[in-house]
Amino acid sequence: MFFLFFAMVCAVTTPKQAFLASEAVFTGIVISVEQSPDRIDTLVNLRVTRAWKGRPSRITTLRLSPGFDDGSIEWKQGQEFLIYTTLDRDKKSLTTSSCLRTALVKYAAVDLKFLGPSRKP
């Protein structure tokens, strides 16, 4: 049962699918990681370095909810990530997970090649 649920959640498998399913796609360096005021979600504050889709602010915050974030991404200050985001309409914030192909830049060569030239935020 768990495998079936995980497979449904992780339906995005290629860079193209992830790009098309995303609200915004960008690289960012983690500035800080903290608990939300309600202490339910994790907030990851990033300095955006490059963008391919959407209009992320130079400083962008991701809101990671326990029900969406699978916990496989370890967010550490100073690390740079390639981030595919979706919009959490209820909380009016961007969110992500490894199912969307979000990964450390050093492991995202295939995705970066697919994405091609970026623009400054």
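## Exercises on core packing and a buried threonine

**Exercise 1.** Determine which residues V44 touches, leaving out those up to four places away in sequence.

*Solution.* Contact means heavy atoms within 4.5 Å. Under this criterion, and not counting residues up to four places away in sequence, V44 touches V30, S32, V33, T60, T61, L62, L64 and W75. The model is predicted: local features need pLDDT of at least 70, side-chain atom pairs count only at pLDDT 80 or more, and totals for chains, interfaces and linings use all residues. Residues are numbered from 1 along each chain as its sequence is written, and side-chain values use heavy atoms, with hydrogens and water left out.

**Exercise 2.** Identify the members of the largest nonpolar core that touch the most other members, and the elements that supply this core.

*Solution.* Step 1: a nonpolar core is a set of buried Ala, Val, Leu, Ile, Met, Phe, Trp, Tyr and Cys residues joined through side-chain atoms within 4.5 Å. Buried means under 20% relative accessible area, exposed over 50%, and partly exposed in between (1.4 Å probe, protein chains only).
Step 2: the largest core has 15 residues, of which F26, V44, L46, L62, W75, F81 and I83 touch the most other members.
Step 3: two or more residues each come from strand 1 (24-35), strand 2 (42-53), strand 3 (59-64) and strand 4 (80-88). Strands are DSSP runs of E, at least two residues, and helices are runs of H or I, at least four, both numbered from the N terminus.
Step 4: strand 2 provides the largest share, 4 residues.
Step 5: a second, separate core holds 10 residues, including W52, V105, A108 and L115.

**Exercise 3.** Describe the surroundings of T102 and establish whether this residue is buried or exposed.

*Solution.* Step 1: T102 belongs to the loop between strand 5 (93-95) and strand 6 (103-104).
Step 2: T102 has a relative accessible area of 4% and is therefore buried.
Step 3: beyond its neighbours within four places in sequence, T102 is in contact with I73, W75, L82, I83, Y84, T96 and S97.
Step 4: a polar contact is a pair of N or O atoms within 3.5 Å; within protein, one must be able to donate a hydrogen and the other to accept it, and residues adjacent in sequence count only if both atoms are side-chain atoms. The T102 side chain makes such a contact with the side chain of T96 at 2.5 Å, and also reaches the backbone nitrogen of Y84 at 3.0 Å.
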